[in-house]
Amino acid sequence: MIDKFKQEKLRKMLETGINPYPYSFKQEMHADDIKNDFETLKGRKTSIAGRAMSIRHMGQLYFIDILDSTGKIQVLLSPQMTKPESMSLLDLIDMGDILGIHGTINKSKRGEISIEAYEITVLSKSLSPMPEKFHGLSDTEIRYRKRHLDLVANPEVRKFFITRAKILNYFRKFLDSRGYIEFETPILQPTYGGANAEPFVTRYRALDADFYLRVSDELYLKRLIIGGLEKVYEVSKDFRNEDIDSTHNPEFTQVEFYEAYKDYNDFMTMTEELLSSLVKELFGTFKITYQGKELDFTPPFKRIYWVEEVKRLSGIDVSTLTDQESREVAMREGLKTSTFNAYHVADGLFDKYVKPNLHDPTFVLDFPAYMCPLTKDKRGNPKLSERFEVFIAGREEGNCYSELTDPIEQRKKFEDQERERLRGDAEAPPSDEEFLEAIEFGMPPTAGIGLSIDRLAMILTDNISIKELLAFPTMRPKK
RNA sequence: GGGCCCGUAGCUCAGUCAGGUAGAGCAUCUGGCUUUUAACCAGGUGGUCGGGGGUUCGAACCCCCCCGGGCCCGCCA
């Protein structure tokens, strides 16, 4: 939306030979540099750049707040300290314009750290109105659809994204320092798998074939392990064609990592170390507050057993659930699952009875084997699988297996899933012959995990909506 | 998919219960002010009240449909 007064000022700038959209500016310092080190910098000449957030003036004395990537700093202008051309430029400047300032670091009479400007330069003339300066921008829809306005108007929002970036950076440092290799596996896949989820379908024109946006990168990363890479990871955008709510976005980010010769016990320790040291790095402590409640990341995390816990709280032993029993249980317990097979009913029981009680970081171990098509059996108990999920604040944060490496067993589990799929479970993935062929070649014992970056960022920024942590969350297109 | 709530000026919001000339603050425009910082003072501009239909002499307000958003529930390892 173009403001006619701003447009008129732009025209006057061009008329007087001022370029309102110049090519570069020497930005010597940032607001924080100056504020953090004022005593040593006082009296020094410097240059800053940023967006004008507030312009106040008393006669010929002007105060402009400039916002840069580190925060705000005040700029002072008056005929005594500022070039005449810059003083007259003030008539053509508005809140929202991006400005460059050359001046001297000092304090105002009221004690505010300021730049006494010698010269002011327009770096970009803004043509549309700014959001309100005191209340900011609170309309959720506008905040998400026009994130640039949100970032300018709401200072805490940029902190959320900085924290998110720090999390990802920490994951990479953690894994790189352990000798992991970062990979990028296909997002467009001829088949899909590695998770139970409905895929997005797209058309690959050059190949004249339907392709799927990946629901997981698991099977590709395992093929790298088979190839002998031993330690691999990927920061993976995955896509699941499901509903949107406060903890689910169809397009989301996981970090998955796999390491040869390890099992899920090794990975429990490693996950604990990764998450606790991340929290320590960001907050200087293991204890943080989430939605008014303390979350304690002090290792070791609590460990509970999936089947035992469901049995303890619901009285139902799901380790041997048949499909016939599943339906009865679902009816009796009032579970509204999409499919009444053992997988979905057991999962429903867990969500109903166990999940609400999980707050501090907790490992939930040893799932029923029928829920784990890609996992080795529990040593000594083939009804269970060596799988854990880590829960934080009642939400699933990660999922880990002692990876199934037996190709005969894997083929059988894929066939079981295929059967479920044909029986109407839309989330059961098809069998993957390419992967089976790879695993037949011989896969070392391996542990693997996927951790949700979006949800971790929610927790570490004290947010309850995943959309706050997605720079551009999916919104329905405007008609 | 179900329930509840919201949509009024660029932004933040009153006004809807009980129908009767469209409101405030900020922003913006004009003027004043040489240490302000939600600056201040004076005076202006600015509206398809989300869209469409209905009831009515008269609708931002009541009814219906639609669009967009939020929260909760269901579904989603």
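**Exercise 1. The barrel**

Work out how many strands close the barrel in this predicted model, and in what order they run.

*Solution.* Start by tracing the strands round: there are five, they run S1-S2-S3-S5-S4, and the barrel is closed, with mixed pairing. Going from one strand to the next, the twist averages 55 degrees. Now zoom in on one pair. Strand S2 (residues 61-68) and S3 run antiparallel and are joined by seven bridges. To get your bearings there, find Leu67, which sits opposite Lys72 in S3. As a reminder of what holds such pairs together, strands of a sheet pair through backbone hydrogen bonds, either parallel or antiparallel.

**Exercise 2. The RNA contact surface**

Find out which residues come nearest to RNA strand B, and which element gives the largest share of the surface near the strand.

*Solution.* First, the residues. There are 59 around RNA strand B, and the ones that come nearest are Arg110, Lys133, Glu141, Glu389 and Arg476.

Second, look at the RNA side. Of the RNA strand B atoms that come within 4 Å of the protein, 63% belong to sugar and phosphate.

Third, pick out individual contacts:

- Asp139 places a backbone N or O atom 2.8 Å from a phosphate oxygen of RNA strand B.
- Arg476 also has a backbone N or O atom by a phosphate oxygen of RNA strand B, at 2.9 Å.
- Glu141 uses its side chain: an N or O atom there is 2.2 Å from a sugar or linking oxygen of RNA strand B.

Last, the elements. Those that each supply at least two residues of this surface include helix H1 (4-15), strand S1 (45-58), helix H12 (342-354) and strand S17 (381-392). The largest share comes from H5, with five residues.

**Exercise 3. A long-range salt bridge**

Take Glu119: which residue is its salt-bridge partner, and where in the chain do the two sit?

*Solution.* The partner is Lys83, and the closest N and O atoms are 3.1 Å apart. Next, place both ends. Glu119 lies in strand S5 (residues 113-124), while Lys83 is in the loop between strand S3 (71-77) and helix H4 (84-89), so the bridge ties together distant parts of the chain, 36 residues apart. Then check the surroundings: Glu119 has 25% relative accessibility, so it counts as partly exposed. This is one pair in a structure that holds 38 salt bridges.

**Exercise 4. Helix H7 and its surroundings**

Compare the span of H7 with the expected one, then list its buried residues and find its link to S6.

*Solution.* Step one is the span. H7 covers residues 155-177, 23 residues in all, and reaches 33 Å from first C-alpha to last, close to the 33 Å expected at 1.5 Å a residue.

Step two is burial. Val157, Phe160, Phe161, Thr163, Arg164, Ile167, Leu168, Tyr170, Phe171, Phe174 and Leu175 are buried in H7.

Step three is the link. Arg172 and Glu182 meet through their side chains in a salt bridge, 2.9 Å from N to O. Glu182 belongs to strand S6 (residues 181-182) and Arg172 to helix H7, ten residues apart. Both ends are partly exposed: Glu182 is at 34% relative accessibility and Arg172 at 29%. While you're here, look just after H7, where Gly179 takes a positive phi of about 85 degrees.

**Exercise 5. A hairpin with two faces**

Which side chains of strand S12 are buried, and how is S12 joined to S13?

*Solution.* Walk along S12 (residues 287-290) and the side chains alternate. Ile288 and Tyr290 point to one face and are buried; Lys287 and Thr289 point to the other and are not. Now move to the neighbour: S12 and strand S13 (residues 293-296) run antiparallel, joined by four bridges. Tyr290 has Lys293 as its bridge partner in S13. Finally, inspect the turn. The two strands, S12 and S13, make a hairpin with two residues between them, and Gln291 in the turn has a positive phi of about 50 degrees.

**Exercise 6. An open sheet**

Name the edge strands of the sheet S7-S9-S8.

*Solution.* This is an open sheet of three strands with antiparallel pairing. Look for strands that pair on one side only: those are strand S7 (188-189) and strand S8 (201-204). S7 and strand S9 (residues 209-213) pair over two bridges, and Leu188 has Leu213 in S9 as its bridge partner.

Definitions and conventions. Residues numbered from 1 in each chain as written. Chains lettered and ligands numbered in written order. Predicted model: local features only at pLDDT ≥ 70, side-chain atom pairs only at ≥ 80, totals over all residues. Heavy atoms only, no water. Expected span 1.5 Å × (residues − 1). Buried < 20%, exposed > 50% of the residue type's maximum accessible area, 1.4 Å probe, protein only. Salt bridge = Lys/Arg side-chain N within 4 Å of Asp/Glu carboxyl O. Pairing = 2+ DSSP bridges. Axes fitted to C-alpha atoms, helices over the stretch in contact; angles between N-to-C directions. Near = heavy atom within 4 Å. Polar contact = N/O pair within 3.5 Å; in protein donor to acceptor, adjacent residues only side chain to side chain.
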